[in-house]
Amino acid sequence: MNDITKFSVSDLNLFYGSFQALKNINMDIYKGKITAFIGPSGCGKSTFLKTINRMNDLIEGVTINGTVTLDGVDIYKEMDAISLRTRVGMVFQQPNPFPMSIYDNVAYGPRIHGIRKKSTLDEIVEKSLRQAAIWDEVKDKLKKSAQAISGGQQQRICIARTLAIEPEVILMDEPTSALDPISTLKIEDLASELKKDYTIIIVTHNMQQAGRISDKTAFFLTGEVIEYGDTEQIFNKPSNKKTEDYITGRFG
Amino acid sequence: MNNAGKEKMVTENAAIGNQAVGNQKDYKDLVFRTIFLLCALLSVLSVIAIITFVFTKGLKPFFGENAYSFSDFITGLKWDPGKEVYGIFYMIVGSIIATLGAIMLGVPIGLMTAVFIAEIAPKKMVAIIRPAIELLAGIPSVIYGAFGLGVIVQLIKKVSPTGQGESLLAVICVLTIMILPTIITLSESSLRAVPKSYREASYGLGASKIQTIFKSVVPAARSGILSATVLGIGRALGETMAVMMIAGNNIGGLPGSLWDKIRPLTSNISMEMSYASGRHQDMLFATGVVLFLFILVINLLLIKITSKVGAQGTKN
Ligand SMILES: Nc1ncnc2c1ncn2[C@@H]1O[C@H](COP(=O)(O)OP(=O)(O)OP(=O)(O)O)[C@@H](O)[C@H]1O
Ligand SMILES: [Mg+2]
């Protein structure tokens, strides 16, 4: 296999004050793959995700050591947070559209980055909504509030909003946890589709979901990565007993 | 309502447990309910009494024989009780311009301050700024007037082409300072009420802090900021003592520039009420009616805005 490394994480430790939330993480994340993070609540999955696009910068009292590189460039030392976040988009657990129209939500990122021309914005908005598989549902109500649609639709609007800044990587933190099974399937299909153009990292509590859509899986436990490898291997013949227990539901 | 319900349950339980005590409790309950009701009625009755009084007095000059023309009153540019001339149009204009001026200055300054306190300033600095603002809100308006007269009017006097300090400009300056606490406090709390998730979404799209504040946080707080503005308008329009001391209170003529004197509706009433009688007094009440109508419109606006906020809240 000739996998290209997108992110390379080495000896990463993260502290919230004196509490160590991530312990000595070493991991390579590959381009054009879907990587799933699984593990019990509070084991540091979201924390790790936020380390990768420096959302942790916004929290007071966080100390980070170790290195994270994106295409070989250190994201903490050689890159500013804003350009990093433009390349590494994020979709949150709870759909969080702005209290604005659907159009303005999707156009938010491009506008922030200086695109003013109406026709260009129109194009970006339509393209992103199509990519997020929601264009047909909302094309007649682009001027309506993005908060006046269903949760599943909102989440796809949020995905479209992220796609509109044309990131290279998309981080998804339990994007379907607030959604019904049908919306969940839509978002899963979407992720599999987007994999062609993007590198995707997805946090999920849903084992089937991780099994269905991911190529790689990392199992987290109390701030450590217990096992990381091909999803097939992790789910079928995990090398660590704890991983097996967790996946088969015998955990704890 | 909740409490009343609880109380009722308690009394009912007591009634089942012990008849004698139950009766006593029922009696007590009734007494308290009556007291609460009377307290609540007091403010409602006061409003009704004030409205009735002001309107009957204030509308009297325009009816009956020897009635004063209402259009002369409302469009008149001169106020001269000695000659039975009562025109308040120039006062309405003065009041409105002074209020608009104060809003145009006070809202941006107040909003910037609120953004600074809520989003940017380190905690230690907030610990200094916030008490200062609270103190500003507590200063009696006669002190603002004295400050305006002693400082702002004197400064204006030095630069004004008219050579006088009492002016529209002085009123705008003092009113701006006076509405700041209202604007700042309300805007700040509406900024703080903006969900964290909007900020995260914005940062996640590669927005800077300033972009996040102005493109996502402030727009999300807009209805709160709008009600702050409307309350500020109410405060500025109704302010009496401070403006009376610095407005100049000319007896006629529209203000042509910031250096001109004005005579706000409120000062008109407060300056002359103590010695006026007969028609003159009624005309002061009529001025009060006009002022009251303005305040009423502002209150209706506010109700509309806040009910909209409520609707938004349930949707999130
Ligand atoms: N801002 C914070 N300050 C202090 N501690 C935090 C903070 N955020 C998270 N933690 C702690 O860090 C640990 C990891 O949290 P994290 O949110 O990364 O877990 P998670 O794996 O995403 O859990 P979940 O599956 O419930 O989302 C937890 O023990 C949590 O209490
Ligand atoms: Mg999490």
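This report describes the contacts, salt bridges, surface and backbone features of a predicted model with chains A and B.

## Contact between chain A and chain B

Chain A contributes 25 residues to the contact between the two chains, and chain B contributes 20 residues. Together the chains bury about 1,800 Å², with 62% of this area on carbon and sulfur atoms. On the side of chain A, the trio A:P99, A:Y108 and A:I112 accounts for 29% of the area buried against chain B, more than any other three residues. Zero salt bridges are counted between chain A and chain B, although the structure holds 27 salt bridges over all chains.

## Two domains in chain B

Chain B is assigned two domains, domain 1 (3-62) and domain 2 (70-315). Their C-alpha centres are 36 Å apart. Nine residues of domain 1 of chain B touch 12 residues of domain 2 of chain B. The area buried between these domains is about 1,000 Å², and 81% of it lies on carbon and sulfur atoms. Half of what domain 1 buries, given as 50%, comes from B:K57, B:P61 and B:F62, more than from any other three residues.

Two salt bridges are counted between domain 1 and domain 2 of chain B. B:K57 also takes part in a salt bridge with B:D282, in which the closest N and O atoms are 3.4 Å apart.

## A nonpolar patch on chain B

A nonpolar surface patch of about 560 Å² is formed by B:L37, B:L38, B:L41, B:V44, B:L45 and B:I48. One of these residues, B:L38, belongs to helix 2 (residues 19-59) of chain B. B:L38 has a relative accessible area of 53% and is therefore classed as exposed, the cut-off for that class being over 50%. As background to the spacing of residues along such an element, an α-helix has 3.6 residues a turn, so residues three or four places apart point the same way.

## Salt bridges in chain A

A:K6, A:D71, A:R87 and A:E168 are joined in a network of salt bridges. Within this network, the side chains of A:E168 and A:K6 meet at 3.0 Å, N to O. A:K6 lies in strand 1 (residues 5-16) of chain A, whereas A:E168 lies in the loop between helix 6 (151-163) and strand 7 (169-173) of chain A, so the pair ties together parts that are 162 residues apart in sequence. The two partners are covered to unlike extents: A:K6 is buried, with a relative accessible area of 5%, while A:E168 is partly exposed at 28%.

A further salt bridge joins the side chains of A:R54 and A:D57, with an N to O distance of 2.9 Å. Here A:R54 is buried, with a relative accessible area of 12%, and A:D57 is partly exposed at 36%.

## Surroundings of B:N250 and B:R263

B:N250 is placed in the loop between helix 11 (241-246) and helix 12 (265-272) of chain B. Its relative accessibility is 14%, so B:N250 counts as buried. Apart from its neighbours within four places in sequence, B:N250 is in contact with B:Y90, B:K261, B:I262 and B:R263. The C-alpha atoms of B:N250 and B:E166 are separated by 10.0 Å, although these residues are 84 residues apart along the chain.

B:R263, one of the contacts of B:N250, forms a salt bridge with B:E272 in which the closest N and O atoms are 2.6 Å apart. Both B:R263 and B:E272 are buried.

## Backbone features

Most residues other than glycine have a negative phi. A:E174 has a positive phi of about 45 degrees although it is not a glycine. A:E174 lies in the loop between strand 7 and helix 7 (181-194) of chain A and is buried, with a relative accessibility of 11%. In chain B, B:E84 also has a positive phi, near 60 degrees, and is not a glycine. B:E84 is located in the loop between strand 1 (79-80) and strand 2 (85-86) of chain B, and is partly exposed with a relative accessible area of 43%.

Helix 8 (residues 196-204) of chain B has B:Y198, B:R199, B:A201, B:S202, B:Y203 and B:G204 as its buried residues. This helix 8 of chain B is followed by B:G206, whose phi is positive, near 85 degrees.

Key
Residues numbered from 1 in each chain as written. Chains lettered and ligands numbered in written order. Predicted model: local features only at pLDDT ≥ 70, side-chain atom pairs only at ≥ 80, totals over all residues. Heavy atoms only, no water. Patch = residues over 30% accessible without salt bridge, like charges linked within 9 Å, V, L, I, M, F, W, Y side chains within 5 Å. Areas by Shrake-Rupley, 256 points an atom, 1.4 Å probe, with all protein chains shown as cover. Salt bridge = Lys/Arg side-chain N within 4 Å of Asp/Glu carboxyl O. Helix = DSSP H or I, 4+ residues; strand = E, 2+ residues; numbered from the N terminus. Buried < 20%, exposed > 50% of the residue type's maximum accessible area, 1.4 Å probe, protein only. Domains from an automatic or database assignment. Contact = heavy atoms within 4.5 Å. Buried area = accessible area lost by both parts, 1.4 Å probe.
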